[in-house]
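Please open the model in your viewer and keep the sequence panel beside it, since each stop of this tour begins with a selection.

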Amino acid sequence: MGQATFLATFAFDHPGPALIRFLQDLHSPDFYAAKLADPQIDIIIGETPLGAPVAYAMLCPPEHPDFQRDGDWELKRIYLLGPWQGGGNGGALLEQAVECALKRQAKRMLLAVYENNDRAVGFYKKHGFSKIGDTIFMVDDVEFHDMLLARSLTM
């Protein structure tokens, strides 16, 4: 699912060879097996009523030292297959991710989003995230500019 959702989201403007190498490395079965075995990583799988996986989210300790504070947790990945986007499914998955972060005593959730992914940027802003900085995301050897967003998890 990681490969399918990343490819569907970014094939429009990421060079094919770099994208394929990235998927083979950072969306491989071995990559996810290691993440599932790591007690610092939370992975949520969204399923249809019949049990087919159609979405996932991955949370981890933050990886943005220039912007992070105590109590931060990062939403590293959140993806839904196209037919399940909309209708509240993404919002429901995001709220499950927030609940996971709160169980880890998180006070703020960080995430990085590709600056040209207007749909995702709008989704995150709708759900209370705001920009706190910029970062670079590498897809194999190709550099992409991401916005770093944050949302308070405290009242």
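Begin by selecting R119, which in this predicted model sits in helix α5, a helix that covers residues 118-126. With a relative accessibility of 58%, R119 counts as exposed, because the threshold for that class is over 50%. Now add Q85 to the selection: 34 residues separate R119 from Q85 in sequence, while their C-alpha atoms lie 11 Å apart in space. If neighbours within four places in sequence are left aside, R119 is in contact with Q85 and also with G86.

Next, select helix α1 (residues 2-10) together with helix α2 (residues 16-26), and look at how these two helices pack, with their axes 10 Å apart and at an angle of about 155°. That angle makes α1 roughly antiparallel to α2, because angles over 145 degrees are assigned to that class. The crossing of α1 and α2 is right-handed. Show the side chains at this contact, where Q3, F6, L7 and F10 of α1 meet L19, F22, L23 and Q24 of α2. Sorted by character, the residues of the contact of α1 with α2 comprise 6 nonpolar and 2 polar ones, with no charged residue among them.

Stay with this part of the model and move to S28, which is found in the loop between α2 and α3, the latter covering residues 29-37. Is S28 buried or exposed? S28 is buried, with a relative accessible area of 11%. Not counting residues up to four places away in sequence, S28 touches Q3 and L23, and both of these residues also belong to the contact of α1 with α2. A further residue to display here is G2, since S28 and G2 are 26 residues apart in sequence but 8.2 Å apart in space, C-alpha to C-alpha.

Now turn to the aromatic side chains, and colour the rings of F6, F10, F22, F31, Y32, Y56, Y79, Y114, F137 and F144, which ring pairs link into a cluster. The count of aromatic pairs in the model comes to 12. Among them, take F6 and Y79, whose ring centres are 6.2 Å apart and whose planes stand at 65°, so the pair is edge-to-face. F6 lies in helix α1 and Y79 in strand β3 (residues 72-80), so this pair ties together parts that are 73 residues apart in sequence. Both F6 and Y79 are buried. A second partner to select is F137: the ring centres of F6 and F137 are 6.5 Å apart and their planes lie at 40°, so the pair is tilted. Because F137 belongs to strand β5 (residues 130-139) whereas F6 belongs to helix α1, this pair ties together parts that are 131 residues apart in sequence. For F6 the relative accessibility is 3%, which counts as buried, whereas F137 is partly exposed, with a relative accessible area of 28%.

For the following stop, examine the backbone at Q105 and D140. Most residues other than glycine have a negative phi. Q105, although not a glycine, has a positive phi of about 65°, and this residue is found in the loop between α4 (89-103) and β4 (108-114). At 60% relative accessibility, Q105 counts as exposed. D140, likewise not a glycine, has a positive phi of about 60°. Where should one look for D140? D140 is found in the loop between β5 and β6 (142-152), and D140 is partly exposed, with a relative accessible area of 34%.

Two distances remain to be drawn. For one of these, select E95, which lies in helix α4 and is partly exposed, with a relative accessible area of 33%. Draw the C-alpha to C-alpha line from E95 to H127, which gives 9.3 Å in space for a pair 32 residues apart in sequence. For the other, select G51 in the loop between β1 (42-47) and β2 (53-60), where a relative accessibility of 35% makes G51 partly exposed. From G51, extend the line to D13: these residues are 38 residues apart along the chain, and their C-alpha atoms are separated by 32 Å.

Definitions and conventions. Residues are numbered from 1 along each chain as its sequence is written. This is a predicted model: local features need pLDDT of at least 70, side-chain atom pairs count only at pLDDT 80 or more; totals for chains, interfaces and linings use all residues. Side-chain values use heavy atoms; hydrogens and water are left out. Axes are lines fitted to C-alpha atoms, for helices over the stretch in contact, and angles run from 0 to 180 degrees between N-to-C directions. Helices (H or I, at least four residues) and strands (E, at least two) are DSSP runs, numbered from the N terminus. Angles under 35 degrees count as roughly parallel, over 145 as roughly antiparallel, 65 to 115 as roughly perpendicular and the rest as oblique. A crossing is left-handed if the near helix is turned anticlockwise from the far one by less than a right angle, and right-handed if clockwise. Contact means heavy atoms within 4.5 Å. Ala, Val, Leu, Ile, Met, Phe, Trp, Tyr, Cys and Pro count as nonpolar, Asp, Glu, Lys and Arg as charged, and the others, Gly among them, as polar. Rings of Phe, Tyr and Trp (its six-membered ring) pair if their centres lie within 6.5 Å; planes under 30 degrees apart count as stacked, over 60 as edge-to-face and the rest as tilted. Buried means under 20% relative accessible area, exposed over 50%, partly exposed in between (1.4 Å probe, protein chains only).
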